[in-house]
Amino acid sequence: MKKIGFIGLGNMGSKMVINLLNTNHEVIGYDVNEKLIDQLIPKGLKKASNLNEITNDIDIIITMLPNGEIVEKVYESILNKLKPNTLVTDCSTIDVDKAKFLHKKCNKHNLLSLDAPVSGGVVGAENGTLTFMVGGSDKAYNLMLPLFNVMGNKSVLCGSHSSGQAAKACNNMLLAITMIGVGEAFNLGSNLGLDANKLFQILSTSSASCWSINNYCPIENVGPKSPADNNYQPGFSANLMLKDLTIALEAIENTKTSAPFGRKAKENFEAMINNEKGDLDFSAIINFNK
Ligand code: NAD
């Protein structure tokens, strides 16, 4: 069985680790917040007190960290200590260029590497139903596949290095746009005197149906349970959505893609966050469209 080092035991990482431990994998974990490591020790996690300790005789490193700058810092500390052909898989959401740069660094150290951001949120991490969007070589992907299958129920090798981050940027830009559109449609319906539940019945089964309506409707007591039924407690916060839109916008600039709706979506989330509502679920954007 491969020995796994897991770095970043926050909302997502801690749950992904529990699924690995529950399937009898040997995992050593590290987080700058020591409490988060200690909470997982009763579940079978071995503790690394620093990044050096996580590199000893390890086969696979997984990182689940807040942003690209932190992933780079962590890589700087560990890459030169890993044995050749160790697989380094970054599941954090980071920008496409940084992912490319980090793959090159891994390559220089004779390491295998994947970028593998996820969709599915904290619930998906807990239930082992994440989707992994993966960039890298077939060899690295096939090595990682059994672990993707433990932590998620779908993984797609999107292409070579950084393709996973590229797919994630496209997905989350579209999610932001559809959620804003769903909010506008329900606000218009309300202003026209329509009952929100009746409108849901139509939209969720008509040509306008989409995940933001069917699975995550932003109105209380309409559709399946969602953050709207819990005062918009996240879920997926507006702050995280803005982070992902910033990544998408950088890619839009770099590739000279025409994406006026993506740009506008970023502006709307910035306005929500400037209003000190960044900790609310991103679906609360419905109240900022009014
Ligand atoms: P989080 O802030 O809960 O967890 C990140 C962890 O990294 C924290 O525990 C923090 O202490 C640790 N950390 C920070 N710097 C570190 C360092 N130098 N060394 C070791 N540990 C360090 O964030 P999260 O919600 O778990 O998200 C992690 C990643 O997953 C992010 O890139 C996020 O964009 C992405 N993501 C999150 C969600 C979600 O719903 N939360 C969904 C999809 C993707």
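This passage describes the two largest pockets of a predicted model and the residues that line them. In this model, residues are numbered from 1 along each chain as its sequence is written. Local features need pLDDT of at least 70 and side-chain atom pairs count only at pLDDT 80 or more, while totals for chains, interfaces and linings use all residues, and side-chain values use heavy atoms, with hydrogens and water left out.

A pocket is an open set of points on a 1 Å grid over the protein atoms alone, where a 1.4 Å probe fits and protein lies on both sides within 12 Å along at least five of seven lines; lining residues have an atom within 4 Å of a point. The largest pocket has a volume (the space filled by probe spheres set on the points, which are joined across faces, edges and corners) of about 1400 Å³. Its lining comprises 47 residues, of which M12, G121, V122, F236 and L240 are the closest to the centre. Among the helices (DSSP runs of H or I, at least four residues, numbered from the N terminus), helix 8 (163–191) contributes the largest share of this lining, with six residues. By class, the lining of the largest pocket holds 26 nonpolar, 16 polar and five charged residues, where Ala, Val, Leu, Ile, Met, Phe, Trp, Tyr, Cys and Pro count as nonpolar, Asp, Glu, Lys and Arg as charged, and the others, Gly among them, as polar.

The second largest pocket has a volume of about 240 Å³, and of its 13 lining residues C170, A248, A251, I252 and T255 lie nearest the centre. Two or more residues of this lining come from each of helix 5 (96–108), helix 8 and helix 11, and helix 11 gives the most, with five. The lining of the second largest pocket consists of nine nonpolar, three polar and one charged residues.
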